[in-house]
Amino acid sequence: MGYKIQNSDIDILKKSGVLEDDIKHCIKVAEKALEIAQRTDDNVNMELIGRGALFHDLGKATTHEIEHGKIGAEMGKRLGLSQAITDIMEKHIRGGLTEDEARELGLPVKDYTLKTLEERIVIYADRLVDIIMDGVVPVKTETEAEERFEEILNDYPKYGKNEKTLKRYLGYHREIQGLINR
Ligand SMILES: [Fe+2]
């Protein structure tokens with residue numbers, strides 16, 4: 001059955017110093033990721049998706065810079081979160097960087113590419129929630145954000161970032177929509 005977001009986990013975000021707006025974002029991403037996971041009807045680990053999404057921006061307690069993924073993962077390890085969860089936290093930046101991209105961005109050089117469907121669902125939900133909540137693109141419904149995902153990412157550099165990142169997100173979108181619509 002479905003996994004429920006735990007209040008005790010939200011308390012961990014609060015106690016760690018994550019600001020209210022960022023906590024709202026984390027909860028929304030967790031809800032969206034769980035909803036999408038349900039719709040794919042795939043045999044995925046719902047707890048990993050719910051908790052990975054909820055904690056993905058834990059590092060924003062310290063910084064909103066690109067290092068928040070790495071810092072969040074370190075904080076998560078100290079809190080005793082599983083490797084699978086801290087992997088999501090570390091790898092969510094730009095949808096899963098290659099070693100070369102990590103080097104260019106000055107992050108620890110390693111492979112951050114996404115290996116599991118759970119990781120890809122969380123990262124896809126994160127991007128969708130940004131589109132839905134930012135108000136930069138006028139979308140009337142959450143469904144519209146999914147339907148216009150490709151167009152929005154192509155048209156708004158804020159979401160597509162660059163060619164490599166754009167390609168990754170479009171890949172997750174197509175894969176996950178393909179599972180939903182099979
Ligand atoms: Fe983030």
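This text walks through a metal site, two helix pairs, an enclosed helix and two residues of one helix. The model is predicted.

Start at the iron ion. Three protein residues donate to the iron ion: Asp57 through OD, His68 through NE2 and His92 through NE2. These donors lie 2.0 to 2.3 Å from the metal. Along the chain, the donors of the iron ion are spaced as D-x10-H-x23-H. Asp57 sits in the loop between helix H3 (46–55) and helix H4 (68–78), while His68 belongs to helix H4, so this pair ties together parts that are 11 residues apart in sequence. Are Asp57 and His68 buried or exposed? Asp57 has a relative accessible area of 2%, so Asp57 is buried. His68 is buried too, with a relative accessible area of 8%.

Helix H4, the home of His68, leads to the next stop. Its partner here is helix H5, residues 83–91. The axes of H4 and H5 come within 7 Å and cross at roughly 160 degrees. H4 and H5 are therefore roughly antiparallel to each other. Their crossing is right-handed. On the H4 side, the meeting residues are Gly69, Lys70, Gly72, Ala73, Gly76 and Lys77. On the H5 side they are Thr86, Met89 and Glu90. By class, this contact of H4 with H5 holds 2 nonpolar, 4 polar and 3 charged residues.

Now turn to a second helix pair. Two packed helices are described by the angle between their axes and the distance between the axes. Helix H2 covers residues 20–40, and helix H7 covers residues 117–134. Their axes lie 8 Å apart, and the packing angle is about 120 degrees. That makes H2 oblique to H7. H2 passes H7 in a right-handed crossing. From H2 come His25, Lys28, Val29, Lys32, Ala33, Ile36, Ala37 and Thr40. In H7 they meet Ile121, Val122, Tyr124, Ala125, Asp126, Leu128, Val129, Asp130, Ile132 and Met133. The residues of this contact of H2 with H7 divide into 12 nonpolar, 2 polar and 4 charged. An α-helix has 3.6 residues a turn, so residues three or four places apart point the same way. In H2, Val29, Ala33 and Ala37 are among the residues in the contact with H7.

Both H2 and H7 also help to cover helix H3. How many of the 10 residues of H3 are buried? The count is 9 of the 10, so H3 is largely enclosed by the rest of the structure. The buried residues of H3 are Met46, Leu48, Ile49, Gly50, Arg51, Gly52, Ala53, Leu54 and Phe55. What covers them includes helix H1 (7–16), H2, H5 and H7.

Finish with two residues of H7. Arg127 lies in this helix. Arg127 is buried, with a relative accessible area of 7%. Which residues touch Arg127, leaving aside its neighbours within four places in sequence? Phe149, Leu153, Tyr159, Lys161 and Tyr169 are in contact with Arg127. Met133 is also found in helix H7. Met133 is exposed, because its relative accessible area of 53% is over the 50% cut-off. Met133 belongs to the contact of H7 with H2. Between Met133 and Phe149 the C-alpha to C-alpha distance is 14 Å, and the two are 16 residues apart in sequence. Phe149 is one of the residues in contact with Arg127.

Terms used: Residues numbered from 1 in each chain as written. Predicted model: local features only at pLDDT ≥ 70, side-chain atom pairs only at ≥ 80, totals over all residues. Heavy atoms only, no water. Donors = N, O, S within 2.8 Å, 3.2 Å for Na, K, Ca; no water. Helix = DSSP H or I, 4+ residues; strand = E, 2+ residues; numbered from the N terminus. Buried < 20%, exposed > 50% of the residue type's maximum accessible area, 1.4 Å probe, protein only. Axes fitted to C-alpha atoms, helices over the stretch in contact; angles between N-to-C directions. Parallel < 35°, antiparallel > 145°, perpendicular 65-115°, else oblique. Left-handed = near helix turned anticlockwise from the far one by under 90°. Contact = heavy atoms within 4.5 Å. Nonpolar A, V, L, I, M, F, W, Y, C, P; charged D, E, K, R; others polar.
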